[in-house]
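This report goes through selected features of one protein chain, from strand pairing to side-chain contacts. The sequence and coordinates are shown first.

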Amino acid sequence: MTAKELRLPVEGMTCAACVGRVERALQKVPGVEEAQVNLATEAASVHYDPAAVAPEQLVQAVQKAGYSVETAAADFGVTGMTCAACVGRVERALKKAPGVLDASVNLATERASVRYLPGMSSAEDLYAAVEAAGYGTERPSMAGATSGPAADPQERASAGLRRDLGRSAAFAVPLFLLSMGPMLYPPLHHWLLSTVGEGTLNWLMLALAVPVQFWVGRRFYRAGWGALRHGSPDMNTLVMIGTTAAFAYSALVTLAPGLLPPAARHVYFEASGVVITLVLLGKYLESLAKSRSSGAMRALLQLRPPEAWLLEGDAVQRIPAESVRRGQRVQVRTGEKVPVDGVIVQGESYLDESMLTGESVPVAKGPGDEVTGGTLNGSGLLTVEATRVGAASALAQIIALVEQAQSEKPPIQGLADRVVAAFVPVVLVIAALTFAAWLIWGGEAALPQALIHTVAVLIIACPCAMGLATPVSVMVGSGKAAELGVLFGGGRALEQLHRVDVVALDKTGTLTAGRPTLTALHLSPTAAWTESEVLALAASAEAGSDHPIAHALLTAAQERELALTAATGLATEAGYGLTAQVGGHRVQLGAERYMARLGLDTSSWGAALAELGRQAATPVFVAVDGQPAALLGVSDPLKPGSREAIAELHRQGYRVMMVTGDSQATARAIAAQVGLDPDREVRAEVLPADKAAAVEDLQAQGLKVAMVGDGINDAPALARADVGVALGTGTDVAAQTADVLLMSGDLRGVPNAAALSAATLRNIRLNLFWAFAYNVLLIPVAAGVLSRWGLGLSPVLAAAAMGLSSVFVMSNALRLRGFRPSLERAEVSAHSQAAARLST
């Protein structure tokens with residue numbers, strides 16, 4: 001059976017060791033083929049055999065490992081059931097929906113209760129599953145809807161950390177002042193000893209440390225002990241052991257000082273209470289940074305409006321957007337967002353699609369045009385018939401692709417994973433050796449020194465920064481790409497795109513617009529006709545033809561708003577041209593050889609024909625009443641930005657090639673226009689089935705290839721390339737199988753995506769360097785190796801440095817939010833500018 005993918009939101013992970021622990025727990029479940037866990041997105045992506053394992057078992061595996069999985073519940077009415085067989089049918093339909101963990105249906109109450117993963121399904125998907133099984137649904141009202149989690153998990157985590165940080169600081173600040181103040185200001189030390197006494201002072205600090213250690217710090221005990229019990233110690237384990245050792249020693253000094261020699265009777269309550277507070281501060285700042293790093297994803301999730309105006313006959317009612325079903329009609333008012341994917345059945349407007357495609361210019365839409373949920377209606381009242389809802393919508397597909405890119409590990413993550421797998425156990429060994437070494441060679445204060453240095457080693461070595469180094473950069477980079485209209489299909493694509501050597505481009509639909517267009521009109525010097533009159537006659541003659549040239553002429557006439565006249569007496573000669581009567585005039589259109597057959601002289605058009613040849617345009621002569629009247633040029637024009645895109649790719653160091661099925665002459669002409677060498681960088685007359693072979697030939701030369709095409713005819717080549725880049729429109733997301741999708745279809749997105757790929761990899765490398773170098777440099781300092789030269793690290797400073805390392809990694813990754821594309825799309829037409837003005 002084909003493997004399925006399940007995305008589990010995992011709560012409670014704090015470092016890279018947690019990631020490894022969850023991955024191992026999932027991979028041990030029979031039927032799991034692959035499991036990847038991402039610390040930045042706090043999610044696990046699991047590929048499993050549904051015949052061998054149920055989603056609930058995967059959730060249980062995560063929970064047994066000591067972590068929790070966020071789930072949502074939906075309760076709604078089901079109509080049409082008559083017996084127990086109906087109940088079974090509805091339950092089976094619900095359990096087949098993606099992400100459903102459990103479903104029970106009650107025949108007596110006619111209600112279904114479903115527990116599901118909110119990242120995999122929505123309430124609308126559950127309703128659709130029941131309706132597809134042949135039953136009806138009674139959906140909860142907006143006021144009583146309970147189909148989703150109450151709040152954002154990241155916000156809940158931040159709120160919990162903020163609460164615990166406040167509680168901890170309330171005790172840790174006075175504890176720090178009592179313990180460290182006398183060291184910084186000796187007169188205070190003497191005053192406290194003379195007025196309070198050392199014993200009473202120790203009891204006071206004990207009272208302040210207990211709530212921090214066992215009330216606020218219980219989160220470290222729960223997670224740390226669970227990790228230790230499962231044989232995979234993590235950050236929580238290190239904090240738990242280090243702070244407990246400091247607290248227990250200090251408590252012994254306070255409660256039974258006689259058990260220790262006088263030189264060893266020092267308390268280190270600040271090494272437990274203040275360390276816990278600083279660790280919480282670092283985690284809170286890290287949580288805030290995570291929230292900022294997921295801003296692009298939240299922006300996508302918030303694109304779709306929560307409500308829609310549903311049309312039923314002449315009545316209009318406001319309902320939840322997720323309740324709109326396929327085939328229903330909704331009204332979209334000026335300034336509102338389109339609630340569903342659909343087709344306009346009434347009205348005209350300009351729609352802002354910038355968040356989906358990256359295009360800043362609004363797009364004109366009218367009856368018959370498709371619209372995408374989340375786009376903004378700039379002007380005009382629209383009636384839209386829903387065609388795709390729930391998980392089938394373009395926005396849902398886009399979000400799924402972005403989530404996939406954020407959750408999939410890039411190859412560079414492998415190094416970090418291998419190091420982290422052994423890192424914490426090695427740290428525990430180093431801590432033990434540190435304790436033993438100081439105990440043996442530490443002199444009179446051997447025991448306190450052993451304790452302090454051991455705790456510092458345990459705290460400074462927390463692998464938070466290592467676990468975050470790669471996933472948070474991928475998370476921010478893929479989110480930024482989505483803002484620019486670029487969807488990476490995974491972390492591998494994000495890493496590999498800038499590493500290719502050759503960018504191979506399809507021509508039709510990639511470099512060019514993919515549709516014939518009238519690009520030139522040369523009037524005869526002796527003609528008694530204007531350009532508009534000749535075009536109207538030619539288009540009228542071609543009105544009944546389905547030839548591509550006819551389409552180009554008719555489109556040009558429509559754009560100029562020319563009135564056409566019905567043609568009669570139409571006669572065509574295959575390979576030559578046609579003759580027709582239009583408004584009392586004999587109109588003849590065709591190739592130069594057709595004019596020669598008619599006995600018409602075209603020798604004076606030599607320069608114009610040569611120019612059309614350089615433009616890769618097809619020449620079409622128009623004769624009116626037996627006299628040559630005009631020479632038309634019909635070609636597939638370059639897309640705006642094609643020249644700039646290729647120039648930028650060359651500047652970035654890529655070799656650029658064109659691979660096309662067009663003739664050599666046409667391919668060479670287009671290559672000359674876009675700045676490619678026709679002799680070295682063009683492969684023409686290549687059949688679609690052979691484009692993959694052309695990619696293989698380049699790969700056989702040891703080159704890494706990125707293939708750029710329209711994602712349909714070029715599918716074999718896109719699949720064969722090291723990185724496949726498909727140009728789409730944003731509404732075809734579900735049909736794309738490439739590694740990278742440019743939603744706007746603008747070729748300038750290719751160098752922009754490559755530049756972002758390079759920037760993301762530089763960011764990851766800097767993060768990994770910092771995370772590894774930080775531990776390599778500071779663990780020896782914390783262990784006291786350099787204490788002879790006066791260099792050391794107390795547990796308090798170690799905790800601050802550990803927190804700052806994670807904050808540095810997060811802040812460095814957030815710099816990607818400021819990435820600016822190397823090429824901005826130009827607004828080239830007056831029509832586009834007018835549309836922009838109208839939309840505002």
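## Salt bridges

A salt bridge here is a side-chain nitrogen of Lys or Arg within 4 Å of a carboxyl oxygen of Asp or Glu. The model is predicted, and a search of the whole structure finds 19 such pairs. One of them joins Asp697 and Arg683, with an N to O distance of 3.6 Å. Asp697 sits in helix α25 (residues 691-700) and Arg683 in strand β27, so the contact ties together parts that are 14 residues apart in sequence. Both side chains are partly exposed: Asp697 has a relative accessibility of 42%, and Arg683 has 26%.

Another of the pairs is Asp164 with Arg219, where the closest N and O atoms are 2.8 Å apart. Asp164 belongs to helix α5 (residues 153-184) and Arg219 to helix α8 (residues 218-229), so this pair ties together parts 55 residues apart in sequence. Asp164 is buried at 6% relative accessible area, while Arg219 is partly exposed at 26%. Arg167 is also involved: Asp164, Arg167 and Arg219 are linked in a network of salt bridges.

Asp341 and Arg388 form a further salt bridge, with 3.3 Å between the closest N and O atoms. This pair links distant parts of the chain, since Asp341 is in strand β12 (residues 341-346) and Arg388 is in strand β17 (residues 382-388), 47 residues apart. Asp341 is buried, with 1% relative accessibility; Arg388 is partly exposed, with 24%.

## The seven-stranded sheet

Seven strands make up an open sheet with mixed pairing, in the order β18-β30-β29-β28-β19-β26-β27. At its edges are β18 (486-488) and β27 (682-683), each of which pairs on one side only. Strand β27 is also the element that holds Arg683, the partner of Asp697.

Within the sheet, β19 (residues 502-505) and β26 (residues 655-659) run in the parallel sense and are joined over four bridges. Val503 has Val656 of β26 as its bridge partner.

## Helix α25 against the sheet

Which residues of α25 are buried? They are Lys691, Ala692, Ala694, Val695, Leu698 and Gln699. These residues cover an arc of only 160° around the axis, which puts them on the same side of α25. An α-helix has 3.6 residues a turn, so residues three or four places apart point the same way.

The buried residues of α25 pack against β19, β26, β27, β28 (705-709) and α26 (715-720). The four strands in that list are members of the sheet order given above. Just after α25, Gly702 takes a positive phi of about 85°.

## Antiparallel strands β22 to β24

Strands β22 (residues 577-582) and β23 (residues 585-590) pair in the antiparallel sense over six bridges. Thr579 stands opposite Gln588 in β23. The two strands form a hairpin with two residues between them, and Gly583 in the turn has a positive phi of about 60°.

Strand β23 also pairs with β24 (residues 618-624), again in the antiparallel sense, over four bridges. In this pairing, Val587 stands opposite Val624 in β24.

## Helix α27 and the nonpolar core

Helix α27 (residues 749-783) contains 35 residues and reaches 51 Å from its first C-alpha to its last, close to the 51 Å expected at 1.5 Å a residue. Of its 35 residues, 26 are buried, so α27 is largely enclosed by the rest of the structure. Gly784, just after α27, takes a positive phi of about 90°.

The largest nonpolar core has 142 residues. Its largest share, 16 residues, comes from α27. The residues with the most contacts inside this core are Leu8, Met13, Leu26, Leu58, Ile460 and Phe488. For Met13, leaving aside residues up to four places away in sequence, the contacts are Cys18, Val19, Val22, Val37, Asn38, Leu39, Glu42, Ala43 and Tyr67.

Technical notes:
Residues are numbered from 1 along each chain as its sequence is written. This is a predicted model: local features need pLDDT of at least 70, side-chain atom pairs count only at pLDDT 80 or more; totals for chains, interfaces and linings use all residues. Side-chain values use heavy atoms; hydrogens and water are left out. Two strands pair if DSSP finds at least two bridges between them. The expected span of a helix is 1.5 Å times one less than its number of residues. Buried means under 20% relative accessible area, exposed over 50%, partly exposed in between (1.4 Å probe, protein chains only). A nonpolar core is a set of buried Ala, Val, Leu, Ile, Met, Phe, Trp, Tyr and Cys residues joined through side-chain atoms within 4.5 Å. Contact means heavy atoms within 4.5 Å. The arc is that of the directions from the helix axis to the C-beta atoms.
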